[in-house]
Every structure is written in C-alpha cells, then in structure tokens.
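Walk through the empty and filled spaces of this protein. Start where the ligand sits, then move to the enclosed space.

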Amino acid sequence: MRYFLFFLFYFSAMAALAQPGPTPQQLAWHEMEFYLFMHFGPNTFTNLEWGHGTEKEEIFNPTGLDCEQWCRIAKASGATGIIITAKHHDGFCLWPSKYSTHTVRESKWKNGKGDVLKELSAACKKYGLRFGVYISPWDRNHPDYGTEKYNDVFVNMMKELFTNYGPIWELWWDGANGEGPNGKKQVYDWKRFEKTVRELSPNTVVFSDIGPDIRWCGNESGIAGTTNWNTLDTAGFTRGAGAPSQDTLNTGNADGKAWIPAECDVSIRPGWFWHENENSKVKTPEELFSLYLKSVGRGANLLLNVPPDRRGLIHENDSAALVGFRRLVEKSFASNISRRGTGYFNPHNGARQVSGLNDGNPRTLETIVAPDRSSMGIEFADSQRINCVVLKEYLEKGQHTRSFRLLLMTKKHELLREIKGTSIGRKRILTFPTTNVGLIGLAIDDQQGYTAITEIQAYLIDEKLLEK
Ligand code: FUL
C-alpha cells in the first residue's frame, strides 16, 4: 500500500511538473500588468501611420521634448513601464545609430545631437519605470533591406540598443513585413536575432506574434479572450503572415507546449501616432477601465499606446484620461470586501478555515487535488453587496484550471447566481449585477495538474463600470 501511494504521488507530481510554466523573467513580467506604448517619429510630423521611409530627416523636430513629462504621466496613470518605437517601419532611428543614415543625428532636432532613447531610458530610471523598445524588422528606408546584409544591420542595431540603453526589460518585434526601398521583402534570420538578444540581455522578455516570451493577443483593440491560456503551440508557425490564426493567439492553446502569455496592445486614440485631428478622440477613463477588465481582468497584460505630439509631450487630453483611469482603478479596488469574511477550504474530508484566500498575499494558497470533491470560498457573518470578484491563480508551476464555477449564495447556502468560466490565470476579474451574498464559493470542475488559488477578492464597484 505504501509503495502504491508513493508511486501514485510520484506519477501525479511528474504529470503536474510536465506542464510548461513561466521563466522567472516571465513571472516578473506578469506582475507588470499595465504599461505604456509610445509611437513617436517622422509620422508624428507628417500625419501618417506608416511612413514611406523617404521622409526628409529634418521633419523630425520636436519643439519641447521632455521624457520626464512622459514618465510623470506614466506614473500618475499607474503604469509600470514605457515601450518606445525606437524604429518604426519607415526606418527612422530615434537614436544616432551607426548603421543607418536616417536617424535623429541627420535631423535638425538639437542640431543633430539629440538622442530620444538616451533621454527616455534615463528618465525611466529616475522615475522607477521599466524601459522597453519596439524595433520594427520591416524597414522601408534601409538600402540593404531585402538582402542578407540587412540581417547584420538589424543585429548591430539591437547590439547598440542593449549596449547603450540597457537594461531593456521588453523588446517588441512587430510582425509586419512589407517591401523595402528596392521592392524586395526581407528573409529575416530570426534564430540569429533571438540568439543575439539572449546573449546580450538574458533577462529581456521578447514579444512577437509567437514570442519567444510574450505573444500578441491577436487584435489591436486591447482585448484578451475570456478563455486565455498562457500556453501556445508554435511548432510550424512563423512571425507575421505565418503566425497562428488571430483566434488562436487570442485564446492560446490549453495544452500548448510553451509558456507564451498574451499582451494586449491598443491605442488611447484611433491611430498609433499622434494626429492633431484625433485630440478630441481620446478614449475616456471609463473606456480605458473597460479595456483593463478585458485585458488584465482576463489574465493578460495591457500595453496602452499614448503617442507624444509634435512638441514631444503627451497631450493634455491624453494625460487627463490617464489620470481619470487611474482614479477609477484605485477607487474600484480600494476595499476588498472578502477581508470582512472568513476563508474556507473543503478538500473533501471536512471544511477548515483558511486565511490565505483573502489576505492579499500571493504566496498563501489553497491547492485542489480532486476537483469533484473540493471547494473553497469566503463566508460572511453579515451578507455583503458585491458586483465584482477577482480570482488569482498561482502560476509558478503552470496554469491549471480548465473550467470553474463561481457560486454566489445566501447565508443559508441557497444559490443566487452561478458564473461559469474556463481559464483563471494571473487575474480573472468577473463582474455581475450587484448581489447580496452570504457566501462566495469557487468550484473547479476541470483542471490539468493541481489548481492553486491565491486570492478570492470581492468588490462593489460603480455599476456603470460593470463589464458589458
Ligand atoms: C503594427 C504596426 O504596423 C503599427 O503601425 C503599430 O506599430 C502596431 C503596434 O503594430 O503591426
């Protein structure tokens, strides 16, 4: 019997271990939650979204660039970092690259002595924000584009970025791949690009359609799937046109071989770059909050684009929306009503009180071994009005929940409302019409390995903010 139990334990532990889990760098990335994207370059001055690469360098001339202003606003919005378009498809480099003649050095800005990456990386350090770069492989300016030589150029440019502006926390590879100035498309040496980054900066997390570390969520509206697996199968796929379908990127693959969680990119304005006529089309704090629920609230991260204007500043309308958004997040999640109740865990042999589900500590958790006989939740001595529950899954050993039910009950354990879901992940925010509950129960109906839940939080948020 003892041997039998030992083997049973051993094989189930092995089965649990066989699942992919995050690297320490990815785990830290999950905690970044919300950060800003900044599209800035010649397009800011030409009113284009995709520059042709033939724009004169002199058009890049911000009149009052202030990266500290960007950082102050980022901080005020609750963002944890900034990712800047070091080079967009037009090929213009926001740093004086030795490998291009289409850079800030050739512009009139600061008499060619300016360096946006230097200013922004320094400002991010000062304000305690992580610094990331977007570098477009597609280059509509570079004369070598479309030839093998361009792969050297791209590697050398990345070397400059990592050597002169590090540490770079996230690197963003855009999937768009069009033709260069000579009408040819580039055959990218992705293996070499990846090796370069890993060697120069092993702690950098790399984004692209298919990772290696972070994947695109499959749309540019900032919306993750209500089912969102952190795992993805990448075998046979490539970046860009050869990527998995947008639907697959949106949900991930439940039993995917690699841990490649989703990042949701979206712009605060209709376009990615600043356009005068979009100053009145900035998303409202409520719209941003709704995006937060649909990205972070589905276990993904939110990368919100806030493009600086021709002055080199974040426009007043964008900064007001960001500050308003922060206020809504803070107000909504200020008071965790679960703290007024008592946590319980019923692993099948009798319920016991637990303190880890409502203590705000991500390291205290309850593990479900046999879903059909276990339940957990929060019980209240006095009924509480709530309309939002936040579930958190412990991710270090993988993502385990496959389907769950949230059970809202009276004090006498009569069912008031049942909410069904699939994935939980880092954070699952569920909203529903305000309900007076005596007990919040969580039942896991299906899982891979063992589900571990670290938090069941409850809130009463403004009804206007409930997910539609
Ligand atoms: C796309 C680009 O083509 C857009 O211009 C923008 O940079 C967006 C974030 O990614 O692929």
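The ligand takes up the space of the largest pocket. This is a predicted model, and every value below is computed from it. The largest pocket holds about 320 Å³ of space. Its lining counts 22 residues. Closest to the pocket centre are Trp172, Asp174, Gly175, Ala176 and Glu220. By class, the lining of the largest pocket divides into 11 nonpolar, six polar and five charged residues.

Now look at the ligand itself. Which residues surround the ligand? The shell consists of Phe37, His39, Trp50, His88, His89, Tyr134, Asp174, Glu220, Asp265 and Trp272. Four residues of this shell are nonpolar, three are polar and three are charged. Tyr134 counts on the nonpolar side, because Tyr is classed there. Asp174 and Glu220 appear in the shell, and both are also among the residues closest to the centre of the largest pocket.

Three side chains of the shell deserve a look at the atomic level. Start with His89: an N or O atom of its side chain lies 2.8 Å from an oxygen atom of the ligand. For Tyr134, the distance from a side-chain N or O atom to a ligand oxygen atom is 3.4 Å. Glu220 places a polar side-chain atom 3.5 Å from an oxygen atom of the ligand. How much of the ligand does the protein bury? Taken alone, the ligand exposes 290 Å², and the protein buries 90% of that.

Turn next to the enclosed space. How many cavities of 30 Å³ or more does a search of the whole structure find? The search finds one. The largest cavity contains about 40 Å³ of space. Its lining is made up of Phe40, Gly41, Pro42, Asn43, Thr85, Ala86, Lys87, His88, Asp90, Phe92, Leu94 and Phe273. His88 belongs to this lining, and His88 is also part of the shell around the ligand.

Two elements stand out in the cavity wall. Both α3 (42-46) and β2 (81-87) supply at least two residues of the lining. Which element gives the most? That is β2, with three residues. Thr85, Ala86 and Lys87 line the cavity and fall within the 81-87 range of β2. Pro42 and Asn43 are lining residues too, and they fall within the 42-46 range of α3. By class, the cavity lining has six nonpolar, four polar and two charged residues. Lys87 and Asp90 are the charged ones.

Notes. Residues numbered from 1 in each chain as written. Predicted model: local features only at pLDDT ≥ 70, side-chain atom pairs only at ≥ 80, totals over all residues. Heavy atoms only, no water. Near = heavy atom within 4 Å. Polar contact = N/O pair within 3.5 Å; in protein donor to acceptor, adjacent residues only side chain to side chain. Areas by Shrake-Rupley, 256 points an atom, 1.4 Å probe, with all protein chains shown as cover. 1 Å grid on protein atoms, 1.4 Å probe; cavity = no way out; pocket = protein on both sides within 12 Å on 5 of 7 lines; lining within 4 Å. Sits in = over half its atoms within 2 Å of the grid points. Points joined across faces, edges and corners; volume = space filled by probe spheres on them. Helix = DSSP H or I, 4+ residues; strand = E, 2+ residues; numbered from the N terminus.
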